[in-house]
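Okay, thanks for coming, everyone. Let me put the structure up and then walk you through the parts I looked at.

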Amino acid sequence: MDLPVALMADSVGEGNIYFFTEECPIGVADHMHVCIKKTDEVLIFSTCSSQIDTAFRLAQLRGWDLNTFPVLKKDDVNKFTKELTYLNCNNVIRCGLGEFSRMLKDGKVRRLDGDLTESDLELVAKGVKLSTVVPKNIKKLF
């Protein structure tokens, strides 16, 4: 049974983890992304990766605060596939609810098992606020 796009939008929540396929026109293809903020019209995502060394080198190269790359340990709640996963709070992606729902419906984005906890989302919010590249209008949402 196909769910209507509006119902799919209702099912998206903060802390949900998604996989953006190579067909997905937003974000980083073939990577996990976490919905870090949901408003009436917009979803905001942060990219995840297990390549922690790469993130730390990028942070040092660009002079970014390491707190903009919170590292989360795999557990029974987030169900990440690797032992350690970081979220890049400098790479924030905005997407409208309708557009995201269509991508879900078309299989360009897949919901993964697990969610971030409230304390994980607080770390991400802190990272977004500390970022020197995230626009102020997005920071104000946190």
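A bit of vocabulary to start: I say that two strands pair if DSSP finds at least two bridges between them. Helices (H or I, at least four residues) and strands (E, at least two) are DSSP runs, numbered from the N terminus. On the source, this is a predicted model, so local features need pLDDT of at least 70 and side-chain atom pairs count only at pLDDT 80 or more, while totals for chains, interfaces and linings use all residues. Residues are numbered from 1 along each chain as its sequence is written, and side-chain values use heavy atoms, with hydrogens and water left out.

Right, the strands. E3, residues 42-49, pairs with E5, residues 84-96, in the antiparallel sense, over 8 bridges. To give you one spot in that pairing, Ser46 has Val92 in E5 as its bridge partner. E3 also pairs with E2, again antiparallel, through 5 bridges. Those two strands make a hairpin, with 3 residues between them. If you want to find the register, look at Cys35, which stands opposite Phe45 in E3, or at Lys38, whose bridge partner in E3 is Leu43. Then E2, residues 31-38, is joined to E1, residues 16-20, by 4 bridges, and those strands run antiparallel too. There, Ile17 stands opposite Val34 in E2.

So how many of the residues of E3 are buried? By buried I mean under 20% relative accessible area, with exposed over 50% and partly exposed in between, using a 1.4 Å probe and protein chains only. The count is 8 of 8. In a regular strand, side chains alternate between the two faces of the sheet. In E3 both faces are covered: Val42, Ile44, Ser46 and Cys48 are buried on one side, and Leu43, Phe45, Thr47 and Ser49 on the other.

Next, the aromatics. Rings of Phe, Tyr and Trp (its six-membered ring) pair if their centres lie within 6.5 Å; planes under 30 degrees apart count as stacked, over 60 as edge-to-face and the rest as tilted. Searching the whole structure turns up 7 aromatic pairs. In one of them, Phe20 and Phe45 have ring centres 5.4 Å apart and planes at 70 degrees, so that pair is edge-to-face. Phe20 is in strand E1 and Phe45 in strand E3, so the pair ties together parts that are 25 residues apart in sequence. Phe45 also pairs with Phe100: the centres are 4.8 Å apart and the planes at 35 degrees, so this pair is tilted. That links strand E3 to helix H3, with the two residues 55 apart along the chain. Phe45 is buried, at 0% relative accessible area, and Phe100 is buried at 0% as well. Tyr18, Phe20, Phe45 and Phe100 form one aromatic cluster.

Tyr18 has another neighbour. The charged end of Arg111 sits over the Tyr18 ring, 5.7 Å from its centre (the cut-off is NZ of Lys or CZ of Arg within 6 Å of the ring centre and within 35 degrees of the ring normal). Elsewhere, Lys37 lies over the face of Phe142, 5.6 Å from the ring centre.

Arg111 comes up again with Asn16, which is in strand E1. Contact here means heavy atoms within 4.5 Å. Leaving out residues up to four places away in sequence, Asn16 touches Ser11, His33, Val34, Cys35, Arg111 and Asp115. Asn16 counts as buried, at 8% relative accessibility.

Last, the helices. In H3, residues 97-105, the buried residues are Leu97, Phe100, Ser101, Met103 and Leu104. They cover an arc of only 160 degrees around the axis, which puts them on the same side of H3; the arc is that of the directions from the helix axis to the C-beta atoms. Just after H3, Gly107 takes a positive phi of about 80 degrees.

H2, residues 52-62, has Ile52, Ala55 and Ala59 as its buried residues. These fall within an arc of 60 degrees seen down the axis, so they line one face of the helix. Strand E4 (71-73) and E5 are included in what covers them. Turned away from that buried side are the exposed residues Asp53, Arg57, Gln60 and Leu61. After H2 comes Gly63, with a positive phi near 75 degrees.

That's my tour; over to you.
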